[in-house]
Amino acid sequence: MDTNSQGFHEETGVLSNLSETEWKLVANTTLLGWKGFWLTPHIMKFVISIENQFNPLPSEILLVSFPKTGTTWLKALTATILRHNSNPDSDSQTDPLQTQNPHQLIPFLELETFGESPSRAINQVPSPRVFNTHLPYSILPEAVKNSGCHIIYISRNPADTFVSTRHFYNKRFGTKIPLEVTFDEFCQGTEDPKKHVSRIAEFLGCSLSADEIDQVVWKCSHERLSKLDVNKDEERVHWSGMKFSSYFRRGVVGDGKNLLSPEMMDRIETLANQRWEGSGLENKMFGSEPNLVKSLGIN
């Protein structure tokens, strides 16, 4: 039996034994229970491929994020730091953000480099290889955790994440589901950016001056990225079918309070603190001053 056939039968056997539930946010979509999380069957196949095939090098970088917590911004920051240049008028050769969307610069591990027909050959990603994943850390294979590779994790107030997620799926799928229903499903299932840029750069072994840090912050700001032609052009579409402009909704810290009832806020805060217990993140997402919300954690 060849490797592909064997892998296919292993995937089929695993998927057939998992619990299922309906994903109300996306019509006609089933979710499978895997290690405490709900994933689509499509993603589950990629997860199995990653477990069997992905062996990162210590020099590689993995950006880990829950959807709508700042993935696009983190990709822009990482790509810019690795190509840092203190000249604010740098051309497209030194500032790739002028000609490419952040998602074009850093591929999704489970969506672009693995699976049946990967769009980005993993061996062709330039060194140091940088990948992004929406998979929870606990789901990542031991080969990743034991590799010594650099893992950067970004987190966000769950209430604000829910609001952004709802906006995103309404825009992409035209989802019209009552707020209470989507909130229930969600539950079941920024400080000074210069400081975070400095932390990321140090973590990645990059030496940036104060001026270069200022340039990274400016190049990756919402004000700049959302106005670049590459991200405004309605004809340019991400491989997933989303227009690049869809990735640039301004996420306002504390926005969840404008949409959710006090009871919903209490519920999501209780759940978040239970899930984050021991991580150092609990009780830091729901401070009395929304502008002091901790938005970036690095492991």
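**Exercise 1. Is Lys68 buried, exposed or partly exposed, and what is its relative accessible area?**

*Solution.* Start with the ground rules. This is a predicted model, in which local features need pLDDT of at least 70, side-chain atom pairs count only at pLDDT 80 or more, and totals for chains, interfaces and linings use all residues. Residues are numbered from 1 along each chain as its sequence is written, and side-chain values use heavy atoms, with hydrogens and water left out.

Step 1: apply the cut-offs. Buried means under 20% relative accessible area, exposed over 50%, and partly exposed in between (1.4 Å probe, protein chains only). Step 2: read the value. Lys68 has a relative accessible area of 23%, so Lys68 is partly exposed. Step 3: place the residue. Lys68 sits in the loop between strand S4 (61-65) and H3. Helices (H or I, at least four residues) and strands (E, at least two) are DSSP runs, numbered from the N terminus. Step 4: check the backbone. Lys68 is not a glycine, yet has a positive phi of about 70°.

**Exercise 2. Find where Lys35 lies and classify its exposure.**

*Solution.* Step 1: Lys35 is in the loop between S2 and strand S3 (37-39). Step 2: its relative accessibility is 48%, so Lys35 counts as partly exposed. Step 3: Lys35 also has a positive phi, of about 55°, although it is not a glycine.

**Exercise 3. Describe the surroundings of Gly33 and Thr29.**

*Solution.* Step 1: Gly33 belongs to strand S2. At 18% relative accessibility, Gly33 is buried. Step 2: list its partners. Contact means heavy atoms within 4.5 Å. Neighbours within four places in sequence aside, Gly33 touches Leu18, Ser19 and Trp38. Step 3: compare sequence and space. Gly33 and Thr21 are 12 residues apart in sequence and 8.0 Å apart in space, C-alpha to C-alpha.

Step 4: turn to Thr29, in the loop between strand S1 (20-22) and strand S2 (30-34). Thr29 is buried, at 17% relative accessible area. Leaving aside neighbours within four places in sequence, Thr29 is in contact with Thr21, Glu22, Trp23 and Thr40.

**Exercise 4. How do H3 and H9 pack, and at what angle?**

*Solution.* Step 1: recall the description. Two packed helices are described by the angle between their axes and the distance between the axes. Step 2: give both. H3 and H9 pack at an angle of about 55°, with axes 10 Å apart. Axes are lines fitted to C-alpha atoms, for helices over the stretch in contact, and angles run from 0 to 180 degrees between N-to-C directions. Step 3: name the arrangement. Angles under 35 degrees count as roughly parallel, over 145 as roughly antiparallel, 65 to 115 as roughly perpendicular and the rest as oblique. H3 and H9 are therefore oblique to each other. Step 4: list the residues. Trp73, Leu74, Leu77 and Ile81 of H3 meet Pro193, Val197, Ile200 and Ala201 of H9.

**Exercise 5. Repeat the analysis for H9 and H10.**

*Solution.* Step 1: helix H9 (residues 193-203) and helix H10 (residues 210-219) pack at about 110°, with their axes 9 Å apart. Step 2: H9 and H10 are therefore roughly perpendicular to each other. Step 3: the contact involves Pro193, Lys194, Val197 and Ser198 of H9, and Ile213, Asp214, Val216 and Val217 of H10.

**Exercise 6. Locate the cis peptide bond.**

*Solution.* Step 1: the bond from Ser127 to Pro128 is cis, with omega near -5°. Step 2: Pro128 lies in the loop between helix H5 (109-112) and strand S5 (130-133).
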